[in-house]
Amino acid sequence: MTLTDTLTASLEDYLEAIFQIIAEKQAVRPKDIARRLKVSNASVTGALRSLAEKKLINYAPYDVISLTSDGKTAAKDVIRRHEVLRDFFVKVLAVEETNADQAACQMEHSIPRDILERFIQFAEFIEVCPRGGSKWIAGFSHHCDQGDTEEHCEKCISVTLDEVRNRKKRKGDRRAMTVVSLKDLKPGQKGKVLKIKVRGETSRRIVEMGVTPGAVVEVERIAPLGDPIDIKVKGYHLSLRKEEAEGVEIESL
């Protein structure tokens, strides 16, 4: 059982709001939460007391609110569920972002963990499968909006077969694919992890964070001096030191 399994949907919303406000303003007060969630001050007070009783926040009237260590973990879990669902709706189902965000808000509280992980696996499969990728998703979006014909399907299959044949020709030749280290990716770029070249404690830490061979990673932000590098993998937001990212071999997608 996780920390969020004992929370109601409403309390999860409060926890998520507190985490996001702290990220934006470094401090959060009840009025900030009331404004964010469009609820009354009395409702906020009741929710804060419940979260404090569960030891997820530090709360006292008229004082700044902060998350406990367990509270941060629980909030990140809620946010991860929301982002995985929203990204799936946008990137795989080609749903408009506002509608996707609203649907994710409604579903994030009830989706079982094993099904959430399957969403992630399917999205990663689409990223790396020769029949998938952005072209396939764009084709699905066009099909939903315009409909399609068997002639279009035949053309798509022909193009895909050509791409698969070209990949087979390059099989075993790393020089034919774009292989870089994770530190070389720019914000917004994605890659599939091929190999973890570092050893020892650093390797263990990277693997525990979900950066494993076959995983799809996306660089979100690079600090002004290039360290740290913020990435997204399996729905988690992580920070890697530059030297750690340099030891991760990536196939650019």
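**Briefing: the open sheet and the second largest pocket**

Six strands form an open sheet in the order β3-β8-β4-β5-β6-β7, with antiparallel pairing. This is a predicted model. Two topics follow: the sheet, and the second largest pocket, to which β7 supplies at least two lining residues.

**The sheet**

- Strands of a sheet pair through backbone hydrogen bonds, in either a parallel or an antiparallel sense.
- The edges of this sheet are β3 (179-181) and β7.
- Each edge strand has a single partner, so one side of each has no neighbour in the sheet.
- From one strand to the next, the twist averages 40°.
- β6 (residues 229-233) pairs with β7 in the antiparallel sense, over five bridges.
- Ile231 has Leu238, in β7, as its bridge partner.

**The second largest pocket: space and centre**

- A probe the size of a water molecule, rolled over the atoms, shows where empty space is left.
- The second largest pocket holds about 640 Å³ of space.
- Its lining has 25 residues.
- Phe19, Lys76, Ile79, Arg80 and Glu83 are the lining residues nearest the centre of the pocket.

**The second largest pocket: who builds the lining**

- Four helices each supply at least two lining residues: α1 (9-25), α2 (30-37), α4 (69-92) and α5 (97-107).
- Strand β7 (236-240) also supplies at least two.
- α4 gives the most, with eight residues.
- By residue class, the lining divides into eleven charged, eight nonpolar and six polar residues.

**Where the two topics meet**

- β7 stands at an edge of the sheet, and β7 also supplies residues to the pocket lining.

Note on methods
Residues are numbered from 1 along each chain as its sequence is written. This is a predicted model: local features need pLDDT of at least 70, side-chain atom pairs count only at pLDDT 80 or more; totals for chains, interfaces and linings use all residues. Side-chain values use heavy atoms; hydrogens and water are left out. On a 1 Å grid over the protein atoms alone, a cavity is a set of points where a 1.4 Å probe fits but cannot get out, and a pocket is an open set with protein on both sides within 12 Å along at least five of seven lines; lining residues have an atom within 4 Å of a point. Grid points are joined across faces, edges and corners, and a volume is the space filled by probe spheres set on the points. Ala, Val, Leu, Ile, Met, Phe, Trp, Tyr, Cys and Pro count as nonpolar, Asp, Glu, Lys and Arg as charged, and the others, Gly among them, as polar. Two strands pair if DSSP finds at least two bridges between them. Axes are lines fitted to C-alpha atoms, for helices over the stretch in contact, and angles run from 0 to 180 degrees between N-to-C directions.
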